[in-house]
Every structure is written in C-alpha cells, then in structure tokens.
Amino acid sequence: METRILTVTDTCWNGLSEAARILRNGGLVAFPTETVYGLGAVCTDDDAMRRVFAVKGRPGDNPLILHIWRVEQLPELAAEICPKALRLIEAFWPGPLTIIFPKRPSVSTVATAGLDTVAVRMPSHPVAHELLRLTDIPVAAPSANLSGKPSPTKGSHVVDDLAGKIEMIIDAGSCNAGIESTVLTLAVKHPLILRPGSVTREMLQEVLGEMVEVSNPAVPCERPQAPGMKYRHYAPQAPAFLIEGADNRKVVAHINHLLASAGAEKPGLRQVVLGTTENLKAYDTEFILDLGSRHDPAMVAARIYDLLRFCDQLAADIIYIEGISAQGVGLAVANRLYKAAGGNVIHVS
Ligand code: TXA
Ligand code: MG
C-alpha cells in the first residue's frame, strides 16, 4: 500500500480534512500528539481497529486509548464519570493524562481488549485536536510504533516503522513531551498510576488532595491492571543496562569500568553510553549520546526515544544508560529507562 505523507507546519494545515475522511472511512492515520505519535482508527469500526493491532504486531489483549477533542464526547464512552475524574479533567485536559473509566456497553471490546473499562484522553496538540474535531468520532490510537520498538516522537520514526502499511502519516515534527501519557485509574481504593508520564504523581495529588499510588514496574504481575505492563517495551535492539545510584561519580566510574572490561574482552565492541549532559566528558567511549541535563527530567523525556532509536542506527552492540532521579517527571523517565533496559538494572552504592 502507498502511504501518503502529509507534512503539517505551523502555517500550513492543508490536508487534515482528507485525513479525517480517511479515518471516517475506516482507514488508518498516524498523527502527532503532545506525547508521542499515535496510530489512529475510529472506535466505531472493529475491522479498522483490528488492523491497528495487526499493523503494529500488538497482542490483542493490550487495550487502546480512545482520543476525544471535547468533553461532550466522554459520556458516549464512559458509563460513569465520578467527581474525582471531573476534577482531573478540569485540571489536566486537554493534555497528557489518560483516565480509565467504567465503559459503556456500546464501546467496542476490540478497543478495550475485553475489559469492562475504557481508557480516554484528550490530546492538547493542535494538529491532533483539529484532526479529532474534523473526524468527530473518538479515535482509538496506540503509539504509532511497531510493537516492542521505542515510541515515535518524530514523523520520521513513524515512516521508518509504518510506511507502506497504513493510509496516511501526518508529520508535524517533534513531539513536546516525548513520552506517553500518564495512565490513571480511579477504580481502586487509592488513585493508581498505571503508567507514569508528564502529569506527575505530585500534580495529581495536589488536585485530588489525597495520596496517589504508583504501580511498580519492577513487580511482575500475573494479572496486570494495564495489560501493556507485562510486555517488554521501548527497547532498542542491543542489550541495554541501566546504572543508577545516589552518588553520581560512582555511577560514572562504574560505567567506565564496564566499558573497559567489555572492551578488553571483545575489542571493537560498539559500546554506547547514554549519559547526562553534566557527565558527558567523563565517559571513556567513542559513542556518547546526550540525554539532557540530570536536573531537567522533562528534557530527558523529550529525547529518550529518539536516542534509543539512534542506538539502533549506530548498530550498537551494548548500551549503558545513566539513571536519573525519580522525582517529578523523573519517575516517568526512570520507568521508560527501566523498560528499555528490560529490567537489567545495576545499582551502585
Ligand atoms: O500518550 C499516549 O498515551 C499515546 C498517544 C498516541 O496518545 N498513546 C499510547 O498508547 O501510549 P499505547 O497503546 O501505546 O498505550 C496505552 C496504554 C497501555 O499500557 C494499555 O495497557 C493501557 O494504556 N490501557 C488502555 N486501556 C486500558 C484499560 N481499560 N485499563 C488499563 N489500562 C489500559
Ligand atoms: Mg505504546
């Protein structure tokens, strides 16, 4: 199939009505959001949504997020909108917060993977907003990457993964946040973050006035609340190791030690370090990529997936990633780094 690439700039939005037409006719369109690019299909077309799973190679038991452009669409999807949810919507929509609601019977079980809940979010990206407005049917959209690859944060990432497989890719450059939305459920005793994101635990607690819990990605769960949690995600091709610890100098020293010992064992090994700006000069390898400042986790979030994809382009043999503090947005970054490393975490004390 030929994939149309629609380039959208700040001043030229021509073609979005064609994109909406494709969606309404059951086609697949990848589009930018403020978090990552999404691969959209209207939630009223089961065949189109099944194609989304097929194109991505996504397991059918991992449900999709439904995207809306105005709150009036929510009652079509959610059977109940509790007062806490209303407060969160008021504070954070449009924006990178996905809320899990009890679903209406009419919502397709293809989208929800058979669950009796539905995940909904209202993106703030102006192109996503306009596309959703023109389509005017909620759009089911997972991240527009092949399953298991890092989420796409640039149009070119989507082209790399999905060109030839879908009707259209809308390229609007880089995504701001760079990591997927925060996923929150209110269906348990304390509000629970299933996937941390740019709307932080602290921000949610401030609005709700109560404790918000975070599900621990380190704990393997038999029956995950977010089914996506059981799959390896965001992974580059080469094995990756996350090296973390309170003492920054020790972390750097340990990474240099690992570089030296692996290099001595296998000369010519392509060893890549993803280090923070402050420490770049301290690393002893040819391939050093700049994660951003360790004091600015939002910057690291915006860069991380692009860097992980770049590791594949470099044909890295092994990747060492410097951990950052899990405060604020740092929690979401730490979660993605942990997953990129497939749980290979070395704690230096
Ligand atoms: O920022 C984002 O959320 C991006 C953009 C495109 O909006 N979308 C995204 O979708 O990251 P995806 O499919 O890659 O991740 C959706 C996550 C998965 O972890 C899935 O398991 C969880 O949301 N999810 C969806 N429906 C759920 C439900 N009913 N209950 C619990 N978790 C759910
Ligand atoms: Mg995804």
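Two residues are in contact here when they have heavy atoms within 4.5 Å of each other. Keep that in mind while looking at this predicted model. Among the contacts in the protein with a separation of 6 or more, 67% are between residues 24 or more positions apart.

**The whole protein**

Let's start with the big picture. The protein has ten helices and 16 strands. Its radius of gyration is 20 Å, close to the 20 Å that the globule rule gives for 349 residues, so the protein is as compact as a globular protein of that length. Taken along the principal axes, the C-alpha atoms fill a box of roughly 60 × 50 × 40 Å.

What about the surface? The accessible surface comes to about 15,000 Å², and carbon and sulfur atoms hold 52% of that. Of the 349 residues, 54% count as buried. As for charge, there are 33 positive and 37 negative side chains, and the centres of these two sets lie 3 Å apart.

**Helix α10**

Now zoom in on α10, which runs over residues 330-340. How many of its eleven residues are buried? Eight are, so to speak, tucked away, and the helix is mostly covered. The buried ones are Gly330, Ala332, Val333, Asn335, Arg336, Leu337, Lys339 and Ala340. Notice that Arg336 and Lys339 are on that list.

What do these buried residues pack against? Their partners are two of the helix's neighbours from the strands β10 (192-195) and β12 (240-244), along with α9 (297-313) and β15 (318-322). After α10 comes Gly342, with a positive phi near 55 degrees.

**Two loop residues**

Next, have a look at two residues that sit in loops. Is each one buried or exposed? The cut-offs are under 20% relative accessible area for buried and over 50% for exposed.

| Residue | Loop | Relative accessible area | Status |
|---|---|---|---|
| Pro267 | between α8 (248-265) and β13 (271-275) | 71% | exposed |
| Ser293 | between β14 (287-290) and α9 | 15% | buried |

Pro267 counts as exposed because its 71% is over 50%. Ser293 counts as buried because its 15% is under 20%.

Which residues does Ser293 touch, leaving aside its neighbours within four places in sequence? Ser293 is in contact with Thr277, Glu278, Met299 and Val300.

Pro267 gives you a distance to try out on the model: from Pro267 to Ala326 is 59 residues in sequence and 35 Å in space, C-alpha to C-alpha.

Definitions and conventions: Residues numbered from 1 in each chain as written. Chains lettered and ligands numbered in written order. Predicted model: local features only at pLDDT ≥ 70, side-chain atom pairs only at ≥ 80, totals over all residues. Heavy atoms only, no water. Helix = DSSP H or I, 4+ residues; strand = E, 2+ residues; numbered from the N terminus. Rg over C-alpha atoms; globule rule 2.2 N^0.38 Å. Buried < 20%, exposed > 50% of the residue type's maximum accessible area, 1.4 Å probe, protein only. Areas by Shrake-Rupley, 256 points an atom, 1.4 Å probe, with all protein chains shown as cover. Lys, Arg positive; Asp, Glu negative; His and termini not counted. Charge placed at Lys NZ, Arg CZ, Asp CG, Glu CD.
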